[in-house]
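Please look at the chain shown here before reading on. The paragraphs that follow lead through it part by part.

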Amino acid sequence: MRTDIFARLDREPEPPKIEIPRMSRHRIALFGGTLAFYLAIVVAVLVSSWLVALDWKVMLFRPYQQWPELHAFLDYYVVLGQRGPTAVMVASWLGWRSWRQHTLRPLLTLGTSLLLLNVTVGAVKFGLGRLGPHYATQIGSAELFAGGDIFPSGHTANAVVTWGILAYLATTPRARRYLSALSAFVSLGVGLTTVYIGTHWLSDVLLGWAAGLLIMLALPWFEPLITRAETWILSVRARWRAGLGLRRPAPGGPGAPAPVVLPQSLSGTSNNTGTGITDAEKSCPAPETSGSVAHTGAGGRTRAHSPHAVRSERAPLTPAGSRRPPHADRAARGGTAPAHPVTGGPVAP
């Protein structure tokens with residue numbers, strides 16, 4: 001059984017070299033022609049020309065009554081032009097492509113195109129305020145500046161941009177041709193469906209096609225901005241990952257184990273340093289009890305002393321010898337005298 005058919009589902013080892021579209025002379029010529037067509041439609045509607053009369057003829061023809069058998073299917077087909085469902089579907093596909101190709105360009109391009117669509121189409125919609133066919137008040141009127149928001153058609157423009165972005169981001173010329181034909185068919189069908197249902201005038205659909213095509217033709221001008229945004233986002237992610245890698249417990253910190261202090265023996269040449277006995281401890285004898293006595297030395301460690309009897313022959317006010325409990329690591333009392341006295345009495349000059 002072959003398993004290499006799933007190889008294209010694996011993540012590529014490095015980002016592929018994809019040719020980014022440029023603003024060629026051919027594209028600039030198309031942009032200029034589409035912009036002229038866009039302005040011509042707006043002017044034709046503003047002056048209530050023959051285009052407005054055609055809008056009324058199509059509306060009064062009521063296509064949804066002429067072919068009622070298509071109504072059920074077209075109610076679902078028009079969803080291909082709605083902003084929410086189409087954006088989720090296309091963003092899911094482009095998100096997988098971004099992960100597979102180690103690049104954010106597909107998602108950033110989609111976001112840029114939708115932002116341009118909202119700004120340009122939304123401004124014209126609310127600026128002209130045209131009412132739809134179902135809310136028209138006067139036959140033959142353009143129904144402008146009446147508080148509406150249907151000119152140009154948002155469904156049509158969204159279909160052109162959302163499905164056209166797949167052709168724009170295609171990696172091969174063959175895929176680009178096929179996806180361009182598919183996006184044109186879908187956007188054309190969505191626009192005519194809105195006319196069939198009666199939610200838009202025919203001129204709304206024409207202006208929606210032009211508005212979406214203008215955005216697709218102008219996208220190469222925004223490619224440098226998309227590249228800079230991708231570089232900035234990736235650099236922020238790299239710094240964030242580096243910051244997480246530095247947050248490790250340092251040696252000797254609060255979480256490090258405490259060092260073990262071993263007892264050091266007192267010799268004839270030893271001094272106060274390293275013995276674990278301070279001058280205050282020497283001058284102040286430890287209390288004597290009948291049980292074991294705990295003594296805290298340097299490093300916070302506790303040493304237990306074995307019980308010993310009190311020597312009654314010593315005067316209580318003038319002790320003659322050391323009153324400290326004997327330690328196993330100290331020299332014998334009859335051996336060599338230490339360099340510093342360890343008795344509890346005054347030190348001789």
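Begin at the surface, where Val43, Leu46, Val47 and Phe145 form a nonpolar patch. Together these residues have about 400 Å² of accessible area. One of them, valine 47, sits in the loop between helix 1, residues 25-46, and helix 2, residues 50-61. Is valine 47 buried or exposed? Its relative accessible area is 57%, and residues over 50% count as exposed, so valine 47 is exposed. The model is a predicted one, and this applies to everything described here.

The loop between helix 1 and helix 2 also contains serine 48. With a relative accessible area of 39%, serine 48 is partly exposed. Its C-alpha atom is separated by 5.8 Å from that of alanine 142, although the two residues are 94 residues apart along the chain.

Now take the chain as a whole. It has 11 helices and two strands. Along the sequence the helices come before the strands, in the pattern α-α-α-α-α-α-α-α-α-α-α-β-β. The chain has 349 residues, of which 34% are buried. The area that the chain exposes is about 21,800 Å², and 66% of this is supplied by carbon and sulfur atoms. Among contacts with a separation of 6 or more, 71% are between residues 24 or more positions apart.

Two of the helices can be followed in detail. Helix 5 covers residues 83-101 and helix 6 covers residues 105-128. Their axes come within 8 Å and cross at roughly 155°. An angle over 145 degrees counts as roughly antiparallel, so helix 5 is roughly antiparallel to helix 6. Where they meet, helix 5 contributes Arg83, Ala87, Val90, Ala91, Leu94, Gly95 and Ser98. Helix 6 contributes Pro106, Leu107, Leu110, Leu114, Leu117 and Asn118.

The loop between helix 5 and helix 6 holds histidine 102. Histidine 102 is not a glycine, yet it has a positive phi of about 60°. Most residues other than glycine have a negative phi. Histidine 102 is partly exposed, its relative accessible area being 28%.

The next topic is charge. How many salt bridges does the structure hold? There are three. In one of them, the side chains of arginine 130 and aspartate 55 meet at 3.1 Å, N to O. Arginine 130 is in the loop between helix 6 and helix 7, residues 154-168, while aspartate 55 is in helix 2, so the pair ties together parts that are 75 residues apart in sequence. Arginine 130 is buried, with a relative accessible area of 1%, and aspartate 55 is buried too, with a relative accessible area of 1%.

Arginine 130 also forms a salt bridge with aspartate 204, and here the closest N and O atoms are 3.1 Å apart. Aspartate 204 belongs to helix 9, residues 202-218, and this pair links parts of the chain that are 74 residues apart. The relative accessibility of aspartate 204 is 0%, and anything under 20% counts as buried, so aspartate 204 is buried. Asp55, Arg130 and Asp204 are thus linked in a network of salt bridges.

Another salt bridge joins glutamate 223 and arginine 105, with 3.2 Å between the closest N and O atoms. Glutamate 223 is in helix 10, residues 223-246, and arginine 105 is in helix 6, so to speak of this pair is to speak of distant parts of the chain, 118 residues apart. Glutamate 223 is buried at a relative accessible area of 2%, and arginine 105 counts as buried at 11% relative accessibility.

Return finally to the loop between helix 6 and helix 7, which contains glutamate 143. Phi of glutamate 143 is near 60°, a positive value in a residue other than glycine. At 4% relative accessibility, glutamate 143 counts as buried. Proline 152 lies in this loop as well. The peptide bond that joins phenylalanine 151 and proline 152 is cis, with omega at about 5°. Most peptide bonds are trans.

Note on methods: Residues numbered from 1 in each chain as written. Predicted model: local features only at pLDDT ≥ 70, side-chain atom pairs only at ≥ 80, totals over all residues. Heavy atoms only, no water. Patch = residues over 30% accessible without salt bridge, like charges linked within 9 Å, V, L, I, M, F, W, Y side chains within 5 Å. Areas by Shrake-Rupley, 256 points an atom, 1.4 Å probe, with all protein chains shown as cover. Salt bridge = Lys/Arg side-chain N within 4 Å of Asp/Glu carboxyl O. Helix = DSSP H or I, 4+ residues; strand = E, 2+ residues; numbered from the N terminus. Buried < 20%, exposed > 50% of the residue type's maximum accessible area, 1.4 Å probe, protein only. Axes fitted to C-alpha atoms, helices over the stretch in contact; angles between N-to-C directions. Parallel < 35°, antiparallel > 145°, perpendicular 65-115°, else oblique. Contact = heavy atoms within 4.5 Å.
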